[in-house]
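Me: I would like to go through this model step by step. Please keep the reasoning short and end on the answer.

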Amino acid sequence: LVYSAFTTVQEQQAQSTIIIDNNNADDNSSLSIAISLVKIVCGTIQNLSVYEKNKTRFGEIGGCEALIYVLLIYMENPMITWEIFSAIRNVSLNNDNNLQLFGHLGTLELLTKSFIMHMNNPDVVKQICGALRRLGFYQRRAPKKTTASAAAAGGDSQKEASNNNKNNNE
């Protein structure tokens with residue numbers, strides 16, 4: 001359901017790009033349709049995200065990529081940006097796989113760009129900060145190279161890790 005809805009959004013985007021490029025009077029109706037579709041899809045994502053297996057499957061079938069794709073197209077629209085970042089928050093809650101996917105998709109840069117673009121809209125900023133917080137939790141939980149892992153690597157790595165620890169303590 002979610003995948004087919006995003007496919008519909010992508011098809012609508014292709015049509016609305018043509019309309020926007022031609023400065024046609026249908027701009028508002030195309031945008032209105034896109035907003036409606038994104039709200040429906042993101043609402044469905046929220047409902048599906050209650051179960052961990054749904055969040056994991058969402059990431060596996062390309063849902064994270066689809067969210068970023070729609071965000072790239074409609075980032076200037078605060079309603080769509082709000083919905084997308086709400087969905088990102090939902091599917092990344094306690095799901096390291098999706099958090100990692102979002103990290104690889106350049107979501108941090110998009111968060112920053114969206115924040116700057118919508119900094120006067122507190123509702124959008126709240127969603128952006130929530131998504132940023134989720135990405136930050138993943139970064140804090142990500143495994144770090146320890147002295148033990150450096151020792152396992154052997155030789156110079158152990159000396160290098162030891163020197164780094166001494167430098168950090170000074």
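**Questions on a predicted helical chain**

Reply: Lysine 53 counts as exposed, at 64% relative accessibility. Its place is in helix α3, residues 52–60. The model is a predicted one.

Me: What does the cut-off say about lysine 53: buried or exposed?
Reply: Exposed requires over 50% relative accessible area. Lysine 53 has 64% relative accessibility, so the label is exposed.

Me: How far apart in space are lysine 53 and asparagine 95, C-alpha to C-alpha?
Reply: Lysine 53 belongs to helix α3. In sequence, lysine 53 and asparagine 95 are 42 residues apart. In space, their C-alpha atoms are separated by 9.6 Å.

Me: How many helices and how many strands are in the chain?
Reply: From the N terminus, the elements read α-α-α-α-α-α-α-α-α-α. That order matches the count for the chain: 10 helices and 0 strands.

Me: What share of the residues of the chain count as buried?
Reply: Buried means under 20% relative accessible area. The chain has 170 residues. The share that counts as buried is 35%.

Me: What part of the exposed area do carbon and sulfur atoms supply?
Reply: The chain exposes about 10,300 Å². Carbon and sulfur atoms supply 52% of that area.

Me: Among contacts with a separation of 6 or more, what share comes from residues 24 or more positions apart?
Reply: Take the contacts in the chain with a separation of 6 or more. Residues 24 or more positions apart account for 71%.

Me: What length does helix α5 reach from its first C-alpha to its last?
Reply: Helix α5 covers residues 78–92, which is 15 residues. At 1.5 Å a residue, the expected value is 21 Å. The model comes close to that, reaching 21 Å.

Me: Which backbone nitrogen does a side-chain oxygen of asparagine 77 reach at the start of α5?
Reply: The oxygen belongs to the side chain of asparagine 77. It comes to within 2.9 Å of its partner. That partner is the backbone nitrogen of methionine 79.

Me: Which residue with a positive phi follows α5?
Reply: The residue sits in the loop between α5 and α6. Its phi is about 55°, although it is not a glycine. At 57% relative accessibility, it counts as exposed. The residue is asparagine 94.

Me: Which residues of α6 do Ile88, Val91 and Ser92 of α5 meet?
Reply: Ile88, Val91 and Ser92 are among the buried residues of α5. Across from them, in α6, they meet Asn98, Leu99 and Phe102.

Me: Which word describes how α5 lies to α6?
Reply: The axes of α5 and helix α6 (residues 96–104) come within 8 Å. They cross at roughly 135°. That makes the arrangement of α5 to α6 oblique.

Me: Asparagine 98: buried or exposed?
Reply: Asparagine 98 is found in helix α6. Beyond four places in sequence, asparagine 98 touches Lys55, Thr56, Gly59, Cys64, Val91 and Ser92. Its relative accessible area is 1%, so asparagine 98 is buried.

Me: Which residues are in contact with serine 49, leaving aside neighbours within four places in sequence?
Reply: Serine 49 is in the loop between α2 (27–48) and α3. With a relative accessible area of 9%, serine 49 is buried. Its C-alpha atom is 8.6 Å from that of leucine 93, 44 residues away along the chain. The contacts of serine 49 are Lys55, Asn90 and Val91.

Me: How far apart in space are valine 70 and isoleucine 84, C-alpha to C-alpha?
Reply: Valine 70 lies in helix α4, residues 63–74. Valine 70 is buried, with a relative accessible area of 0%. Ile84 is among the buried residues of α5. The two are 14 residues apart in sequence, and in space the distance is 7.9 Å.

Me: Which residues are in contact with valine 125, leaving aside neighbours within four places in sequence?
Reply: Valine 125 is in helix α8, residues 122–141. Its relative accessible area is 15%, so valine 125 is buried. The C-alpha atoms of valine 125 and serine 114 are separated by 8.4 Å. The contacts of valine 125 are Phe115, His118 and Met119.

Terms used: Residues are numbered from 1 along each chain as its sequence is written. This is a predicted model: local features need pLDDT of at least 70, side-chain atom pairs count only at pLDDT 80 or more; totals for chains, interfaces and linings use all residues. Side-chain values use heavy atoms; hydrogens and water are left out. Helices (H or I, at least four residues) and strands (E, at least two) are DSSP runs, numbered from the N terminus. The expected span of a helix is 1.5 Å times one less than its number of residues. Buried means under 20% relative accessible area, exposed over 50%, partly exposed in between (1.4 Å probe, protein chains only). A polar contact is a pair of N or O atoms within 3.5 Å; within protein, one must be able to donate a hydrogen and the other to accept it, and residues adjacent in sequence count only if both atoms are side-chain atoms. Contact means heavy atoms within 4.5 Å. Accessible areas come from the Shrake-Rupley method with a 1.4 Å probe; for residues, only the protein chains shown count as cover. Axes are lines fitted to C-alpha atoms, for helices over the stretch in contact, and angles run from 0 to 180 degrees between N-to-C directions. Angles under 35 degrees count as roughly parallel, over 145 as roughly antiparallel, 65 to 115 as roughly perpendicular and the rest as oblique.
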